[in-house]
Amino acid sequence: MQPRRDLRGLWLLLLSLFLLLLEVARAGRSVVSCPANCLCASNILSCSKQQLPNVPQSLPSYTALLDLSHNNLSRLRAEWTPTRLMNLHSLLLSHNYLDFISSEAFVPVPNLRYLDLSSNRLHTLDEFLFSDLQALEVLLLYNNHIVVVDRNAFEDMAQLQKLYLSQNLISRFPLELIKDGNKLPKLMLLDLSSNKLKKLPLTDLQKLPAWVKNGLYLHNNPLECDCKLYQLFAHWQYRQLSSVMDFQEDLYCMHSKKLHNVFSLDFFNCSEYKESAREAHLGDTLTITCDTKQQGMTKVWVTPSNEQVLNQGSNGTVTVSEDGSLHFKEVQVEDGGVYTCYAMGETFNETLSVELKVYNFTLHGHHDTLNTAYTTLVGCILSVVLVLIYLYLTPCRCWCRGVEKPSSHQGDSLSSSMLSTTPNHDPMAGGDKDDGFDRRVAFLEPAGQGQGQNGKLKPGNTLPVPQATGKGQRRMSDPESVSSVFSDTPIVV
């Protein structure tokens with residue numbers, strides 16, 4: 001009986017061990033013990049201040065927080081851990097001597113959310129260095145020797161919220177990180193303080209939403225002093241943004257090799273900052289944003305007449321979009337005034353006011369008015385020019401040249417200015433007076449020594465006697481004479 005009992009006990013022991021191993025496998029835990037020189041507490045491994053030259057091998061797969069700070073690590077290679085640490089969410093590597101990080105170093109930790117690389121000796125951030133950390137939310141890189149930041153160093157990091165790059169040697173502002181919000185859409189804090197920045201993309205920075213500018217720290221940089229820089233920070237001060245309000249004394253700039261506080265540029269005589277109103281024309285489509293200092297706030301708009309704007313629109317032309325912006329389909333004159341946005345968040349509330357100024361004409365119609373006035377002016381000028389040409393310049397004589405007929409009177413110097421299109425009747429032909437006798441006005445012109453200016457006779461001169469012509473013949477003027485419409489000596493013929 002005794003051997004059977006021993007055999008039965010052995011089977012029970014083996015069964016218990018198998019169940020234990022099965023339970024451990026179900027829990028996803030490894031039977032690897034805590035590494036030497038490390039302190040393990042549950043899923044936390046602390047290997048700090050152990051003067052480790054390399055990362056300990058055979059790390060437990062259940063590790064969630066790994067502290068390797070204050071050691072002698074100099075390189076982080078791709079094979080720094082042979083085990084994929086799928087549960088690791090925090091990795092602390094600060095206060096080491098890291099000057100090289102492989103582009104594949106973070107492949108074994110794809111679910112990392114917090115990475116501390118501060119106080120090391122990094123010089124460059126190469127392209128796609130952190131692209132495997134798609135779940136990373138906080139990245140600390142301050143107090144390094146970073147000079148170059150590749151434009152693609154932070155690709156595929158859509159969850160990154162806080163990036164600390166202060167106390168480095170960066171001289172180029174990495175605008176691609178925050179412009180348009182495409183690369184890092186959730187980034188709410190970018191610390192670039194205490195670097196070597198001299199120039200800022202002021203126009204682009206002014207267009208950023210307030211929740212981005214609220215966490216954009218630029219103090220302790222040798223910025224170049226000018227009024228545009230003052231206007232930028234004065235606007236942030238007006239909005240009570242944390243990036244300015246928390247470090248007003250450390251916001252300085254360089255002028256003539258001297259440091260000056262940005263808000264004390266009296267020698268530039270910069271104008272005081274004033275919040276400008278939004279402008280629109282009749283019929284314009286307009287969107288006014290509630291530019292809050294925090295994302296995800298509940299927003300309520302109130303019109304100048306103290307009426308709340310509903311999502312469907314109170315008057316059919318003004319609506320509130322899903323992101324809390326105020327949208328005008330067709331701006332009218334009565335839409336002008338001060339609109340108030342009440343924003344409510346988890347930590348604080350905010351009230352913003354926006355003034356809308358509406359011009360009482362359409363932008364397209366305004367240009368039509370200018371075009372009409374211009375056309376009218378040109379027409380008037382052309383009319384005046386034509387009148388002056390008619391009055392002062394010699395008319396073309398080509399149209400009046402025809403087949404010359406024998407002159408009815410030899411030496412006739414009378415050049416008649418025809419005021420009628422009826423045929424000429426000669427009263428001297430035949431001696432009979434025609435009932436249809438037509439009168440004309442002619443002006444004397446110089447024909448020789450006997451005439452003066454404008455066809456007037458000089459004293460002592462006589463006119464040639466006209467000879468009779470056949471009845472019905474039209475009297476032709478001397479083709480070489482010039483008709484003058486300004487002669488003041490009419491002759492009735």
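Select Asp-291 first: with a relative accessibility of 23%, this residue counts as partly exposed. The model on display is a predicted one. Asp-291 pairs with Arg-239 in a salt bridge, and the closest N and O atoms are 3.9 Å apart. Display both backbones as well: Arg-239 sits in the loop between helix H4 (227-238) and helix H5 (242-245), whereas Asp-291 belongs to the loop between strand S18 (286-288) and strand S19 (298-302), so the contact ties together parts that are 52 residues apart in sequence.

Next, centre the view on Arg-239. This residue is buried, its relative accessible area being 13%. Add Glu-350 to the selection; its side chain meets that of Arg-239 in a salt bridge of 3.0 Å, N to O. Because Glu-350 lies in strand S23 (residues 349-359) and Arg-239 in the loop between H4 and H5, this pair ties together parts that are 111 residues apart in sequence. Both Glu-350 and Arg-239 are buried.

Now move to Glu-176 and Arg-172. A salt bridge joins these two residues, with 3.1 Å between the closest N and O atoms. Is each partner buried or partly exposed? Glu-176 is buried, at a relative accessible area of 17%, while Arg-172 is partly exposed, at 30%.

Keep these two residues selected and add Arg-151. Arg-151, Arg-172 and Glu-176 are linked in a network of salt bridges.

To conclude, return to the full view. How many salt bridges does a search of the whole structure find? The search finds 5, including the Arg-239 pairs with Asp-291 and Glu-350 and the pair of Glu-176 with Arg-172.

Key
Residues numbered from 1 in each chain as written. Predicted model: local features only at pLDDT ≥ 70, side-chain atom pairs only at ≥ 80, totals over all residues. Heavy atoms only, no water. Salt bridge = Lys/Arg side-chain N within 4 Å of Asp/Glu carboxyl O. Buried < 20%, exposed > 50% of the residue type's maximum accessible area, 1.4 Å probe, protein only. Helix = DSSP H or I, 4+ residues; strand = E, 2+ residues; numbered from the N terminus.
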